[in-house]
Amino acid sequence: MKFTVSLNQNYEFRRVYARGRNVATPLVVLYCRKNGSKTNRFGITVGTKVGKAVYRNLIRRRLREIYRLNEERFPAGWDIVAVARTRAKDAPYADLEKQFLRAADKLGLFARKEGEQT
RNA sequence: UGAGAAGACUGGGCAGUCGCGUGGACAUGCCGAAAGGCGGUUCACGAGGAAAGUCCGGGCUGCAUAGGGCAAGGAUAACGGGUAACGCCCGCCGAAGGCGACUUCAGGAAAAGUGCAACAGAGAUAUACCGCCCCGCCCACAAGGCGGAGCAAGGGUGGAAAGGCGAGGUAAGAGCUCACCCGCCGGCUGGGAACUGUCCGGCGCUGUAAACUCUAUCCGCAGCAACACCGUGGAGGGGACAUUGGCUUGCCCGGCCGUCCCCGGGAGGUGGCUUGAGCCUGUCGGCAACGGCAGGCCUAGAUAGAUGACUGCUGCAGACACGGAUUAAAUAGGCCGUUUAAGUCUGUACAGAACCCGGCUUACAUGGCUUCUCACAAC
């Protein structure tokens, strides 16, 4: 795999939240921002509000799996952060995958429209 | 067969495709001057009974070794044992509950002191409302009334009224005295002890300590974001002081430091990190908790945090449908079965290691097991 999980919550995550674009779906919110390098970096946030540790781990694994299986479709050079919302706890895998991909598409990540960014 | 009691377990399985963490082995690809970094193939291992709550007890680590006294604070509370230790466990005593198996326990002291005890009641460690009795006066005595002295038996109130009951005693009464009973304390007996009793002596005391308190025992503080090392950044500022100042929970003694305190800035990595009061088997001791001995085993170490996604078959439970046997019949109920004439649907919990152990508490679908009790039937 060609991505690196972001490490520093202070400046990496907050930079993506503050300066990146986002698209919200009922289950997941996606943030993205160009990072200037040749590799992608992917981060997942599941807050305590979503559920207990078992459910938070399950959502994190599913989101990582969704990204892994669709990695080929993403262009290189982006920081991407997925934030799970409360309703993701009871959602099946198929719904999570559908909404994740729709959000990524809305962000323009799949359509080769690399010209515009904030 | 029915209704229960206790204990110890289980915590779905198999296969395939893609994927993750740690360790070993094997090859060597890329980057780099080097140190080194990033990879490849393969094998092994990879969450729980509670990993949870973070409530107790420890190990470990640091705090300028935290020593003595006084005060304050916290915890525990019958007794004996187990343990590294405990507020845990086992045994046992007592009390309460249950026909019983058994369960529960906020089980030291109220005779050191203080406080509180609503309402009712005259009175709540202290009383006199009704009442009982005696004397004096009014009245011819009595009844009745007034005044004085004595009493606490009876009535009434209350959860509780100063042990209970009988006899003696007395003007009337009272443990005032005596017998029996009850309770408390001490001695003696039995027991390792709590405790016990056809024993002896003394006493008769309201309850509440989950009110303060007293007694006994224990407790220095903080926690792996501890702490050590290597790095990065860097910038320092303000305050207190040398007859002192600061630290050691408050005070005193004692001890320690030349600096101490506050604010601000900063990037992370490695170690700690898993061999431990460890697990399994056998045997011996013990009622048991547990301990001794012998043999075997190595069993997660992540750090935005490794177990996931999808598929097939299947186990278990329930519902529906169908078939079969039983029956005179069956539409009920129970029994057997459903890849062979065909199954369908639903459910499968609680919950994710984060330094490590011993406990406690709480959550939990399903499944069966062992021992025991009571009732009914049979013998």
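What is the mean pLDDT of chain A, and what share of its residues reach 70 or more? I began here since I was working with a predicted model, and I noted a mean pLDDT of 75 for chain A, with 79% of its residues at 70 or more. I then looked at residues 112-118, where the pLDDT is below 50 and where the model has five contacts beyond near neighbours in sequence. Where pLDDT is low, the predicted coordinates should not be read in detail, and I left that stretch there. For the complex I wrote down the predictor's ipTM of 0.78 together with its pTM of 0.72.

**Entry: the elements of chain A**

I looked up the secondary structure next and found that chain A has three helices and five strands, which follow one another from the N terminus in the order β-α-β-β-β-α-β-α. Of the 118 residues in chain A, I recorded 28% as buried. I also checked how far apart in sequence the contacting residues lie: among contacts in chain A between residues at least 6 apart, 79% join residues at least 24 apart.

**Entry: helices α2 and α3**

How do α2 and α3 pack, and at what angle? I found helix α2, residues 53-69, packed with helix α3, residues 93-106, at an angle of about 55 degrees, the two axes being 10 Å apart. Because of that angle, α2 counts as oblique to α3. I noted the crossing of α2 and α3 as right-handed. On the α2 side the contact is made by R62, L63 and I66, and on the α3 side by Y93, L96, E97 and F100. Sorting the residues of this contact by class, I had five nonpolar and two charged residues, and no polar ones.

**Entry: A88**

Is A88 buried or exposed? I located A88 in the loop between β5, residues 78-84, and α3, and I entered A88 as buried because 25 other C-beta atoms lie within 10 Å, where the cut-off for buried is 20 or more. Which residues does A88 contact, once its neighbours within four places in sequence are left aside? I listed L27, V28, V50, I59 and L96. One of these, L96, had already come up among the α3 residues that make the contact with α2. For another, L27, I also looked up the separation from A88: the two residues are 61 residues apart along the chain, while their C-alpha atoms are separated by 4.9 Å.

How values were computed:
Residues numbered from 1 in each chain as written. Chains lettered and ligands numbered in written order. Predicted model: local features only at pLDDT ≥ 70, side-chain atom pairs only at ≥ 80, totals over all residues. Axes fitted to C-alpha atoms, helices over the stretch in contact; angles between N-to-C directions. Helix = DSSP H or I, 4+ residues; strand = E, 2+ residues; numbered from the N terminus. Parallel < 35°, antiparallel > 145°, perpendicular 65-115°, else oblique. Left-handed = near helix turned anticlockwise from the far one by under 90°. Contact = placed C-beta atoms within 7 Å. Nonpolar A, V, L, I, M, F, W, Y, C, P; charged D, E, K, R; others polar. Buried ≥ 20, exposed ≤ 12 C-beta atoms within 10 Å, placed from the backbone. pLDDT = per-residue confidence, 0-100.
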